[in-house]
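Visitor: Could we go through this structure together, one part after another?
Guide: Certainly; please have the view open.

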Amino acid sequence: MRPVPWVVRQVTKETPDTFTLVLDPPKGARGRFTPGQFSMLWVCGVGELPISISGDPTRPESLTYTVRSVGAATQSLVTRQAGQTVGVRGPFGKGWPIEAAKGRDIIVAAGGIGLAPLRPVIYHVLANRSHYGRLTVLYGARNPRDILFRKELAAWAKLPDTQVFSTVDYGGVSWRGHVGVVTTLFKMLRLRPVLTTAMVCGPEIMMRVVARELLARGLSGDQLFLSMERNMKCAIGLCGHCQWGPHFVCKDGPVFPFSQIAPLLDRYEL
Amino acid sequence: MEIQSLENIIAEHPFFAKLDPAHIGLLVGCASNVRFEPGKYIFREGEEANHFYLIRQGRVSVEISPPQRRPIVVDTLDEGEILGWSWLVPPYQWRFHARAVDSTRAIALDGKCLREKCESNKELGYELLKRFSQIVGGRLDATRLQLLDLYAAH
């Protein structure tokens with residue numbers, strides 16, 4: 001499966017090290033995907049990376065990716081200019097359970113760049129509002145500068161049946177928002193555990209503690225979903241780079257029900 | 001009238017759930033309503049810790065001042081939360097600064113008064129120690145997570 005060149009329409013700086021790329025398809029192609037899926041993005045001469053799609057699934061005329069620049073390959077992606085191309089393979093993997101969650105309350109819990117793979121869920125729920133109950137977004141960032149999609153978070157918070165709670169690990173004295181790790185937001189939550197599906201994405205330890213909090217509040221492990229990250233290469237379950245216990249993260253995930261992966265979560269050698 | 005109101009508020013607060021009514025009465029004897037304007041420091045690191053607060057409205061930041069740097073907010077506490085546990089643990093000194101971020105209303109409980117009551121009423125002392133231990137434990141957990149610097153580019 002070869003990368004197909006898509007054309008960079010726009011690159012937007014979200015935070016000091018995180019950028020959103022909007023790519024236009026080659027003639028005749030569309031950007032259809034399920035929230036939670038990822039693509040392999042390739043920059044010629046640099047390398048290929050698995051990047052979650054962060055855009056609106058109801059708008060297939062483009063594909064949107066939010067990338068944190070942490071190394072040579074991600075830096076080469078975020079410094080692409082409008083009109084240049086990026087090779088795209090995908091979308092790949094199993095996404096968030098948006099069909100199974102119909103009729104239920106939705107909790108989206110994200111940490112750091114983990115909000116990017118969850119933003120399509122929020123778009124989907126808002127575009128199909130009558131199909132879902134309450135939407136609650138819990139978001140934790142390192143500091144106020146690193147809050148992703150800040151304007152959208154504020155806009156979502158104003159919508160009916162939608163609550164947004166965000167926090168930062170540390171704030172300066174001029175910061176008037178909430179400070180504390182993401183789990184400290186749970187005290188504000190009015191949870192109906194039997195009616196709720198939770199979707200969680202962030203650093204693995206953050207997901208573990210969020211899962212622990214949600215389970216302690218009565219949520220079922222079958223209604224709690226985590227998006228895992230491993231070293232995806234082929235993205236179709238052949239090469240084994242992303243094998244995690246009995247699972248290939250690229251093909252069986254990246255989204256897994258907690259009940260399926262709980263025994264693997266605290267095994268450091270995997 | 002104010003005493004009755006304080007009694008209801010304290011008795012209905014989740015932190016004091018299932019506390020013996022006689023113990024609630026003892027707490028009310030040490031309680032008063034307070035208000036802090038935005039920006040006002042409620043206490044500062046190193047000062048004597050002789051109170052704790054039930055926040056009724058507003059937001060309080062817990063701050064630390066690193067040497068040669070501006071203060072950092074390490075936690076915020078909102079409506080319904082408890083501010084301060086140093087009143088219960090020797091040497092009864094505040095470990096951090098606390099500042100009202102918004103206009104904040106609270107019930108202040110006099111820790112000196114309560115410590116005396118806890119000395120003479122061990123059952124009350126044990127009940128309060130159990131409840132404050134949960135707060136201290138929760139904040140210790142959160143601090144350990146903060147120390148991991150989860151969202152840094154590792």
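Visitor: Let us begin in chain A. Which residue stands opposite Val8(A) in E2(A)?
Guide: Leu23(A) is the residue in E2(A) that stands opposite Val8(A). Please bear in mind that this is a predicted model.

Visitor: And how many bridges are there between E1(A) and strand E2 of chain A?
Guide: Seven bridges pair E1(A) with strand E2 (residues 18-24), and the sense is antiparallel.

Visitor: What is the order of the strands in the open sheet of chain A?
Guide: The order is E4-E3-E6-E1-E2-E5, an open sheet of six strands with antiparallel pairing. At its edges stand strand E4 (47-52) and E5 of chain A; each has a single partner strand, so one side of each has no neighbour in the sheet. On average, neighbouring strands of this sheet are turned by 40 degrees against each other, direction ignored.

Visitor: I would like to look at E3(A). Is it largely enclosed or exposed?
Guide: E3(A) is largely enclosed by the rest of the structure, because six of its six residues are buried. Phe38(A), Met40(A) and Trp42(A) point one way from the strand, while Ser39(A), Leu41(A) and Val43(A) point the other way.

Visitor: How many bridges join E3(A) to E4(A)?
Guide: Strand E3 (residues 38-43) of chain A is joined to E4(A) by six bridges, and the two run antiparallel. Two of the facing positions can be named: Val43(A) is opposite Gly47(A), and Met40(A) is opposite Pro50(A).

Visitor: What lies between those two strands, E3(A) and E4(A)?
Guide: Three residues lie between them, and the two strands form a hairpin. Gly45(A), in the turn, has a positive phi of about 85 degrees.

Visitor: And how many bridges join E3(A) to strand E6 of chain A?
Guide: Four bridges join E3(A) to strand E6 (residues 85-92), again with the strands running antiparallel. Here Phe38(A) stands opposite Phe92(A).

Visitor: Changing the subject: how is chain A divided into domains?
Guide: Chain A has domain 1 (4-92) and domain 2 (105-227). The centres of these domains, taken over C-alpha atoms, are separated by 24 Å.

Visitor: How many residues of domain 1 of chain A are in contact with domain 2?
Guide: There are 15 residues of domain 1 of chain A in contact with 14 residues of domain 2. On the domain 1 side, the elements that give two or more residues are strand E1 (4-15) and strand E5 (63-68) of chain A. By class, that side has four nonpolar, eight polar and three charged residues.

Visitor: What about helix H2 of chain A: why is it described as largely enclosed?
Guide: Ten of the 13 residues of H2(A) are buried, so the helix is largely enclosed by the rest of the structure. Among the buried residues are Leu115(A), Arg119(A) and His124(A). As for its span, 13 residues (115-127) at 1.5 Å a residue should cover 18 Å, and the end C-alpha atoms are 18 Å apart, which agrees.

Visitor: Now to the contact between the chains. How many residues does it take from each?
Guide: The contact takes 24 residues from chain A and 18 residues from chain B. On the chain B side, E5(B) gives the most, with five residues. By class, the side of chain B that touches chain A has twelve nonpolar, three polar and three charged residues.

Visitor: Which strand of chain A pairs with E5(B)?
Guide: Strand E10 (residues 171-172) of chain A pairs with E5(B) in the antiparallel sense over two bridges. Gly172(A) stands opposite Ile72(B) there.

Visitor: Within chain B, what order do the strands of the open sheet have?
Guide: The four strands have the order E1-E8-E3-E6, with antiparallel pairing. E1(B) pairs with strand E8 (residues 104-110) over six bridges, and Ser32(B) stands opposite Ala108(B).

Visitor: Which helix lies across E3 and E8 of chain B?
Guide: Helix H3 (residues 111-120) of chain B lies across them and runs at about 40 degrees to E8(B).

Visitor: One last item: which residue follows H4(B)?
Guide: Asp149(B) follows H4(B), and its phi is positive, near 50 degrees. For the 27 residues of the helix (122-148), the expected span at 1.5 Å a residue is 39 Å; the end C-alpha atoms are 38 Å apart, which agrees.

Methods: Residues are numbered from 1 along each chain as its sequence is written. Chains are lettered from A and ligands numbered from 1 in the order in which they are written. This is a predicted model: local features need pLDDT of at least 70, side-chain atom pairs count only at pLDDT 80 or more; totals for chains, interfaces and linings use all residues. The expected span of a helix is 1.5 Å times one less than its number of residues. A residue is buried if 20 or more other C-beta atoms lie within 10 Å of its own, exposed if 12 or fewer, and partly exposed in between; C-beta atoms are placed from the backbone. Two residues are in contact if their C-beta atoms, placed from the backbone, lie within 7 Å. Ala, Val, Leu, Ile, Met, Phe, Trp, Tyr, Cys and Pro count as nonpolar, Asp, Glu, Lys and Arg as charged, and the others, Gly among them, as polar. Two strands pair if DSSP finds at least two bridges between them. Axes are lines fitted to C-alpha atoms, for helices over the stretch in contact, and angles run from 0 to 180 degrees between N-to-C directions. Domain bounds come from an automatic or database domain assignment.
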